[in-house]
Each structure stands twice: as structure tokens, then as C-alpha cells.
Amino acid sequence: MTETLAQRRVLLVIGGGIAAYKALDLIRRLRERGASVCPVLTAGAQEFVTPLAAAALAGERAHTDLFDRASEAEIGHIKLARQADAVVVAPATANLMARMAGGHAADLATTVLLATTLPILIAPAMNVQMWAHPATRRNRAVLEGDGVRIVGPNAGRMAEPESGPGRMAEPNEIADALERMLGQQAGERPLAGRRVLVTSGPTHEPIDPVRYIANRSSGRQGHAIAAAAAAAGATVTLVSGPVALPDPPGVAVVRVETARQMLEAVEAALPADIAVFAAAVADWRPEQEAGSKKIKKDGTGPAPMPLVENPDILATIARLPMGRPPLVVGFAAETDTVVEHARAKIARKGCDLIVANDVSAEGGVMGGADNTVHLIRRDGAVETWPRLGKDEVARRLVAHVAGLLAG
Ligand code: C5P
């Protein structure tokens, strides 16, 4: 596991916007990664979420008032600004950004932000027009000039009918950005200077102009690995089949449809120090190249669709006589005897490590958020991880391969 957030203390300033509810989830995500969280809520934030909810999730008291006698006696706002490793502001409203840029100290949140010397990460969230307004742009430039890091906002649907940039980054994106910020500070970038290639998603194999063969892969695991590798400092190329996911931050994404295109893109992305093949590549494609006309049924029986095997991208790269990445990692999606199948696969494919998971319907892994994986090495050694979020699997995997490469 990347240790960036383990044992770290985060002062979380929650601003007053509808995205404040996502700040509660952020507390959970940060704690999952081993951080402790000290919540500070602005008056506006308390219109959307309660200090009690923040405190319950943080497992410690939430702070709200500058002139809170109990809190001042206990700790004091200046100490609050010191006794952490980083400050995160989420959501950072237009108003809060303006007050930060102007150096205001009118309430606890802004006083702490002014008094702190800790690294600050803000996750803006506001109406599209407010984000685009010259005043906000100025404030943002001032904050960046002061060394404040910014994550998001993302484009997409918001509370209002308008859409565009303004949506707060997702809790895991904020946690990733915080890891990057702290990691850079501590020099914890185990993959700095390394090139990492990741495949992700399904492939689509066209039958005719309107139909294709595909599978249920969402690309979540592969995309999470690309993001985690980038967070660990690597230069990452992600070759992705058709997915409905945003591009991971700081990653070069090459989009493809078919297995053959994926192989071509992978070859073009070499050389790499590490290649992780997380894509669920279609094993077969229709023998007949899809033409421009839809195939018609004629009521006479079996479908006129012989299949041929697709190239095995993992095996092709793992067996390259020249230019093979020093570390080649495959995935094995199995529905039974997961480890045995994976052991056989590692030999057959020629890779160094297989990440095997059970994709039988009961597990809900395909398309789901969690994964239970086994790591199988070429010498047959097996490491089994508990059921984890796909982001956490990605972080652990990246830490693991970084260790293998270094050692
Ligand atoms: O053979 P199987 O599909 O079970 O192997 C899974 C592993 O091989 C995955 O890492 C997958 O990305 C890779 N693979 C590939 N090209 C294929 C089939 C699988 O790269 N045509």
C-alpha cells in the first residue's frame, strides 16, 4: 500500500455548498487510507451538513466557531492550523476562495487557513458561471501563486440545469490529489521516472456497422491502476477500450475499439518499465471484416458468423524477444479454481505476475466497485488480499510492482 496518507492528519475545511455532502464521503475515504481527519465547518457548510455527521464520520469533534471557549481552552485555532499534515478545503466555494485569496480571517475556517503554513489543497465547487467569472479566475490565480493546489472542478451535471466545469471532484480524486501533494513533498514517488503502460476496459469486435461482440468490463480496475501509477510519479499511457469513465488525471489516454487496435496502440506505447494488462480483451472476433451494410437475417438457421481468435496482447508483449518491459503483469478473471487457473496462465502467457480475481456473478466484481484479488508470482507464490475497493487494489498493486522493480 502507498503509505502516503497512513498516519497523516488532515484538517478538512468544509465550505457551504451542495457538494458539502460529498465532503462527508471524503472523510470516510481519507480514513480508509489511514489518515485521521479533523473537520472544520463554515457557517454555510452547516446549512447542508451537520457538525455531528462530520464528527461521527471523523471519529472526533468537528470545529465550527472561532470564539468557542471549550475549543480555545483545549486546543486553540492556531494550534488547529498546525497540528496536521495538510489542509483540504472541500467544497471550496467561490466565496471561500475569494476570502482565502483576500486573506480574510472572519471565521474559524478562514482564520485557520490564514494561520496555517501547511500545504493546502482545495476542491472548488460552484455554478459554471461563477467558476468562469473573471473574479474567480483572478482569485484562483492568486491562490495558485500562493502555492495552493487545486483539484477539479469536473465538468458535468450539477444541481442547477446548467452543465460545465463546476462540479466538485469526487472524494477519491481529492484523496488521490492529496496523496500526490503529500507524496511530492515527502519524495514518496516510487515510480518517478518510470514509464508504465496499462490496458483497460473491454474491446468491441464489430459484426457489422451496428452490432458488436463485447463483455461486461467497466474499465474501473484498469483506470484505477493508471491513476495510481500516475500518483506514484510514473509517466503513464493508458490504452483503453470503450468505457464510460473519465480519463484519469495526469495520464495519456489512447482510445481503441478492437483487440487488434489495442495491440497496435500497446506496441506504439513501448518502451515501458512496467506493463499492466487489465483489459478484458475479446477472445474472438467475427472472421468477416464488418462491411458497410447491416447483415440481414434470412430465417434459414445458424448465424452466418464464424469467429477467429484475436491476438493475445499480454502473451505477445510478455514474449517479445526485444523490448519486453522488465515487469509484465496480467489479470486473470476466473469463475472457479481461481488460483490454479492463474498459475497455469502465468506459465502460458509468460508474464511475471498475475492478478487473479473471481468474476463469478455472486461476487459482483465485473462492473462493481470492489475486488478480491490474489497475486500469483512466477515462482508460484500466492498473496491474497482482503476484499478492497478497486482504487485501493490499484494503489496496493502499484506499490507492489514498484517494490519488485526497485528490488
Ligand atoms: O486468457 P485470458 O483472457 O484469461 O487472460 C487474461 C489476461 O490476458 C489479461 O491480463 C488480459 O488483459 C490479457 N489478454 C490480452 N489479450 C487477449 C486476451 C487476454 O492481453 N487477447
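A polar contact is a pair of N or O atoms within 3.5 Å; within protein, one must be able to donate a hydrogen and the other to accept it, and residues adjacent in sequence count only if both atoms are side-chain atoms. The model is predicted: local features need pLDDT of at least 70, side-chain atom pairs count only at pLDDT 80 or more, and totals for chains, interfaces and linings use all residues. Residues are numbered from 1 along each chain as its sequence is written, and side-chain values use heavy atoms, with hydrogens and water left out.

**Exercise 1. Find the polar contacts of the ligand.**

Step 1. List the surroundings, meaning residues with a heavy atom within 4 Å. They are F277, A279, V281, D283, P311, D312, I313, L314, G330, F331, K345 and K349.

Step 2. Take the backbone. A backbone N or O atom of F331 is 2.7 Å from an oxygen atom of the ligand. At P311, a polar backbone atom lies 2.8 Å from a ligand nitrogen atom.

Step 3. Take the side chains. K349 places a polar side-chain atom 2.9 Å from an oxygen atom of the ligand.

**Exercise 2. Trace the pairing of strand β16.**

Step 1. Locate the strand. β16 covers residues 327–334. Strands (E, at least two residues) and helices (H or I, at least four) are DSSP runs, numbered from the N terminus.

Step 2. Check burial, which means under 20% relative accessible area; exposed means over 50%, and partly exposed lies in between (1.4 Å probe, protein chains only). In β16, 7 of the 8 residues are buried, so the strand is largely enclosed by the rest of the structure.

Step 3. Find the partners; pairing requires at least two DSSP bridges between two strands. β13 pairs with β16 in the parallel sense over 4 bridges. Here V328 of β16 stands opposite A275. β17 (residues 353–358) runs parallel to β16, with 6 bridges. N357 in β17 is the bridge partner of A333.

Step 4. Follow the chain. From β16 it passes through helix α13 (residues 338–349) to β17, a right-handed β-α-β crossover. Right-handed means that, with the strands pointing away from the viewer, the path from the first strand over the helix to the second runs clockwise.

**Exercise 3. Sort the two sides of helix α11.**

Step 1. Pick out the buried residues of α11 (residues 259–269): A259, M262, L263, A265, V266 and A269.

Step 2. Place them. They share one side of α11 because they cover an arc of only 165 degrees around the axis. The arc uses directions from the helix axis to the C-beta atoms.

Step 3. Turn to the opposite face. It carries the exposed residues E264 and A268.
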